[in-house]
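Here are my notes on the model you sent. They cover one annotated site and one sheet.

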Amino acid sequence: MENQVLIVEDEDSLSSYLKTELTFENYDVLVAADGEEAMTAFTEHQDTLGVVLLDWMIPKLNGLEVLRRIRKQTATLPVIFMTARDYVGDKVAGLDNGADDYITKPFEIEELLARLRVIFRHEAQQMQVAPVYEIANLKLDTKSHQVTRDDDHVQLTQREYTLLLYLLQHKEETVTRDELLDNVWGVDFVGQTNIVDVYIRYLRNKVDRDHTPELIHTIRGVGYTLREEE
């Protein structure tokens, strides 16, 4: 993954401010002012993009439609929604359609930078080694970022992929919610702790539903474990 960020924001002052701050932090910054420009930039730079900062309310194609089109092309490019829409239903819609994170305006630049550091740090760690993790009929290939269950492709968002990878790296172990927050979202994460439960539910729907054996198990009052049923 390259250190390249695509900012999709139609408010010129905010877009300019973010570009200045991220450039100062040594990110390679691209800017798009509407949905069509965003898709053009994505198409031209897909191989080098590291993350997309995507506003919801943008002209021509709204942020949700841009996200859907990106997800048709790639399941692994991280996308962070940044928007003034703080209604819970909107956040759920964004996450359900493949967003990896959500930051509500107005936000402090330090919070955004912290979230970007988490994303790039996880990707750098994954690129150091490229093993294949398996349990039962579930397989995750860290080189290709492909996940399969019963040889069927499982499409995951970047956050879901990172969560599943951590569970596979600690299969047969019980991992706490705090441990998952620190290692999947990062110690800099600012948000609600129930985000872990939300993403475990997403993973179960994609990995366990319609498959046997069940692999993701809740350890009541503690956290979760990935193991085959006894």
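1. Start with the pairing of β10 and β12. This is a predicted model. In it, β10 pairs with strand β12, residues 223-226, in the antiparallel sense. Three bridges join the two strands. One contact can be named: Thr-176 has Gly-223 of β12 as its bridge partner.

2. Now the whole sheet. It is open, has three strands and follows the order β10-β12-β11. The pairing is antiparallel. β10 (174-176) and β11 (216-219) are the edge strands, and each has a single partner strand, so one side of each lacks a neighbour in the sheet. On average, neighbouring strands are turned by 35° against each other, direction ignored.

3. What lies across β11 and β12? Helix α8, residues 195-208, does. The helix runs at about 150° to β11.

4. Next, the annotated site. An unreviewed UniProt entry lists Asp-55 for "modified residue: 4-aspartylphosphate". Please keep the status of that entry in view when you cite the site. Asp-55 sits in the loop between β3 (49-54) and α3 (63-73).

5. Is Asp-55 buried or exposed? The relative accessible area of Asp-55 is 4%. Buried means under 20%, so Asp-55 counts as buried.

6. Which residues does Asp-55 touch, leaving out those up to four places away in sequence? The list includes Val-8, Glu-9 and Asp-10. Also on it are Gly-63, Phe-81, Met-82, Thr-83 and Lys-105.

Terms used
Residues are numbered from 1 along each chain as its sequence is written. This is a predicted model: local features need pLDDT of at least 70, side-chain atom pairs count only at pLDDT 80 or more; totals for chains, interfaces and linings use all residues. Side-chain values use heavy atoms; hydrogens and water are left out. Two strands pair if DSSP finds at least two bridges between them. Helices (H or I, at least four residues) and strands (E, at least two) are DSSP runs, numbered from the N terminus. Axes are lines fitted to C-alpha atoms, for helices over the stretch in contact, and angles run from 0 to 180 degrees between N-to-C directions. Contact means heavy atoms within 4.5 Å. UniProt positions are given in the numbering used here, feature names are shortened, and annotations may be inferred rather than shown by experiment. Buried means under 20% relative accessible area, exposed over 50%, partly exposed in between (1.4 Å probe, protein chains only).
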